[in-house]
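Subject: The two-chain model, with notes

Hi,

Here is the structure I promised to pass on to you. Please have it open while you read, as my notes follow right after it.

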Amino acid sequence: MIQYVSMKIDGAIFKVPKGSSVLDVAIEYGICIPHLCHVPNISDLGACRLCIVEHVVEGRSKVTTSCTLRVQEGMVIKSNTQKIKRLRKNIAELLVSQAPNSKAIQDIAVRCGVKTVRYPFRNDNCVLCGRCVRICREQWQAKAIGFVGRGKDRRVKSPFGVKSETCKMCGNCIDLCPMTITPCDGPMKPGEEYLCGKCESQLMEAESAVDQCIMCGLGEGFQCARH
Amino acid sequence: MQPQPLETLLEGRRSQPHQLIEVLQDVQAQYGYISEEAIRTISKELGVPLVDVYSVVSFYKAFHLNPRGKNVITMCTGTACHVRGAKLLLNQAISQLGVQPGDMTDDKLFTIEHVNCLGACALGPVVTENGSSHHHMSPGKLRKLIDALRARDEKPEQEADHA
């Protein structure tokens with residue numbers, strides 16, 4: 001029997017199954033929490049940090065990723081405060097400076113209200129979201145790729161840099177990678193990166209309906225859970 | 001001393017994934033590095049996916065994927081040592097041995113490494129050679145140290161050649 005808990009997101013009360021994550025609940029009930037590394041039915045890692053929310057405990061709020069936060073009885077979540085918006089904008093800015101050659105990440109940056117990028121562009125083609133690693137490990141049980149190294153040298157690689165014997169050639173790692181769709185104007189060369197921002201008109205409606213998912217076209221680049 | 005074969009190290013630990021780090025530590029201690037072959041064997045015997053063994057080995061600084069020389073010279077490049085000229089020491093070692101940090105010299109005698117701090121900042125610049133520390137190093141002292149180590153290790157081979 002499924003047990004239910006009641007919780008609050010942005011003031012609205014929900015009765016939700018025990019064990020689900022805050023992000024899943026928000027998506028289910030049409031609250032827009034931008035996210036990138038979350039893939040439905042795959043374990044969450046909290047790698048992209050975009051889905052941060054404020055979790056209010058006894059009057060104090062704690063900022064944490066909603067994908068790794070499990071629902072609890074009487075939980076109070078704020079997903080769209082000024083503080084969260086500011087932090088989220090900064091995170092999106094960092095992501096776009098790390099990998100500007102991705103429609104998904106450019107879309108996210110627009111969605112989070114990034115207007116200028118204050119950081120130098122790295123153009124690294126990977127933001128270590130771990131989507132490929134998790135789909136390979138969990139859905140396909142192949143374990144052909146994984147994280148290698150640590151800190152700034154962390155990379156997604158197969159063991160010893162050669163194609164893994166356990167690879168099933170499913171291609172799902174490529175399907176889920178946010179880097180596979182380049183910005184509409186084509187890939188940017190190193191030194192010529194910019195913030196795309198051409199889809200800003202998509203935000204018109206989003207701004208009039210704060211914190212609600214309006215099915216904006218900005219999620220298509222990375223299979224936002226609504227698409 | 002001959003290193004123990006991998007079979008002996010795996011004795012009593014097969015099919016126990018939680019023993020991974022212990023086995024890797026033993027292999028590292030016995031062979032000085034962890035070879036691709038060893039990683040494949042460990043993965044098969046312990047029942048840990050190959051990619052997991054590989055990421056653990058690449059994560060920890062204590063494990064090495066490439067063979068290391070007989071003498072490992074570690075430079076401290078922490079703040080205090082850096083200020084007192086650790087860069088000069090590193091350059092001295094690189095130019096004297098002709099290898100980059102992390103690589104082994106062709107005669108398999110030396111490997112240079114740099115670490116972020118050895119925890120003896122008041123004694124800097126610090127250099128450790130095979131586990132023993134040398135304080136207040138200078139490029140000249142380091143040159144003599146490397147020469148002494150080379151002389152010590154090359155001698156037995158020459159004697160063997162004569163005989």
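Below is what I found, going from each chain as a whole to the details and then to the contact between the chains. Please keep in mind that this is a predicted model.

**Chain A as a whole**

Chain A holds six helices and seven strands. From start to end of the sequence, its elements come in the pattern β-β-α-β-β-β-α-α-α-β-β-α-α. The C-alpha trace spans about 50 × 40 × 30 Å along its principal axes. For a compact globule of 227 residues one would expect a radius of gyration near 17 Å, and the 18 Å of chain A agrees with that. Of those 227 residues, 48% are buried. If you look at contacts with a separation of 6 or more in chain A, 59% of them link residues 24 or more positions apart. The accessible surface of this chain is about 11900 Å², and carbon and sulfur atoms hold 52% of it.

**The sheet in chain A**

The part I would look at next is an open sheet of five strands in chain A, with the order β2-β1-β5-β3-β4 and mixed pairing. Its edges are formed by β2 (12–17) and β4 (60–65), each of which pairs on one side only. From one strand to the next, the twist averages 35 degrees. Helix α2 (residues 82–98) of chain A packs on this sheet and touches β3 (52–57), β4 and β5 (75–78). The direction of that helix makes about 150 degrees with the direction of β3(A).

Two of the strand pairs are worth a look in detail. Strand β1 (residues 4–9) of chain A runs antiparallel to β2(A), and six bridges join them. Here A:Tyr4 has A:Pro17 of β2(A) opposite it. The pair β3(A) and β4(A) is also antiparallel and is joined by six bridges. One of the partnerships in that pair is between A:Val53 and A:Thr64, the latter in β4(A). These two strands make a hairpin with two residues between them. In the turn, A:Glu58 has a positive phi of about 50 degrees.

**A lysine in chain A**

A:Lys103 belongs to helix α3 (residues 103–111) of chain A. Is this lysine buried or exposed? Its relative accessibility is 17%, and buried means under 20%, so A:Lys103 counts as buried. Leaving out residues up to four places away in sequence, A:Lys103 touches A:Ile181, A:Thr182, A:Pro183 and A:Cys184.

**Chain B as a whole**

Chain B has seven helices and four strands. Starting at the N terminus, they run α-α-α-α-β-α-α-β-β-β-α. Its C-alpha atoms fill a box of roughly 50 × 50 × 20 Å along the principal axes. Of its 163 residues, 39% count as buried. Among the contacts in chain B with a separation of 6 or more, 63% are between residues 24 or more positions apart. Chain B exposes about 9200 Å², with 52% supplied by carbon and sulfur atoms.

**Where the chains meet**

How much area do chain B and chain A bury between them? The figure is about 1200 Å², of which 65% is on carbon and sulfur atoms. On the side of chain B, the most area is lost by B:Val51, B:Tyr54 and B:Phe59, which together make up 48% of what that side buries. Counted by residues, 12 from chain B are in contact with 13 from chain A.

Helix α4 (residues 50–59) of chain B deserves your attention here. Eight of its 10 residues are buried, so this helix is largely enclosed by the rest of the structure. Among the buried ones are B:Val51 and B:Tyr54. The buried residues of α4(B) pack against parts of both chains: α4 (131–139), β6 (146–148) and β7 (155–157) of chain A, and α2 (20–31) and α3 (36–46) of chain B.

From the other side, have a look at A:Ser158, which sits in the loop between β7 and α5 (172–176) of chain A. With a relative accessibility of 14%, A:Ser158 counts as buried. Apart from neighbours within four places in sequence, A:Ser158 is in contact with A:Ala144, A:Ile145, A:Lys163, A:Ser164 and, across the interface, B:Tyr54.

Happy to talk it through whenever it suits you.

Best wishes

Definitions and conventions. Residues are numbered from 1 along each chain as its sequence is written. Chains are lettered from A and ligands numbered from 1 in the order in which they are written. This is a predicted model: local features need pLDDT of at least 70, side-chain atom pairs count only at pLDDT 80 or more; totals for chains, interfaces and linings use all residues. Side-chain values use heavy atoms; hydrogens and water are left out. Two strands pair if DSSP finds at least two bridges between them. Axes are lines fitted to C-alpha atoms, for helices over the stretch in contact, and angles run from 0 to 180 degrees between N-to-C directions. Contact means heavy atoms within 4.5 Å. Buried means under 20% relative accessible area, exposed over 50%, partly exposed in between (1.4 Å probe, protein chains only). The radius of gyration is taken over C-alpha atoms; the globule rule is 2.2 Å times the number of residues to the power 0.38. Accessible areas come from the Shrake-Rupley method with a 1.4 Å probe; for residues, only the protein chains shown count as cover. Buried area is the accessible area (1.4 Å probe) that two parts lose on being put together, summed over both.
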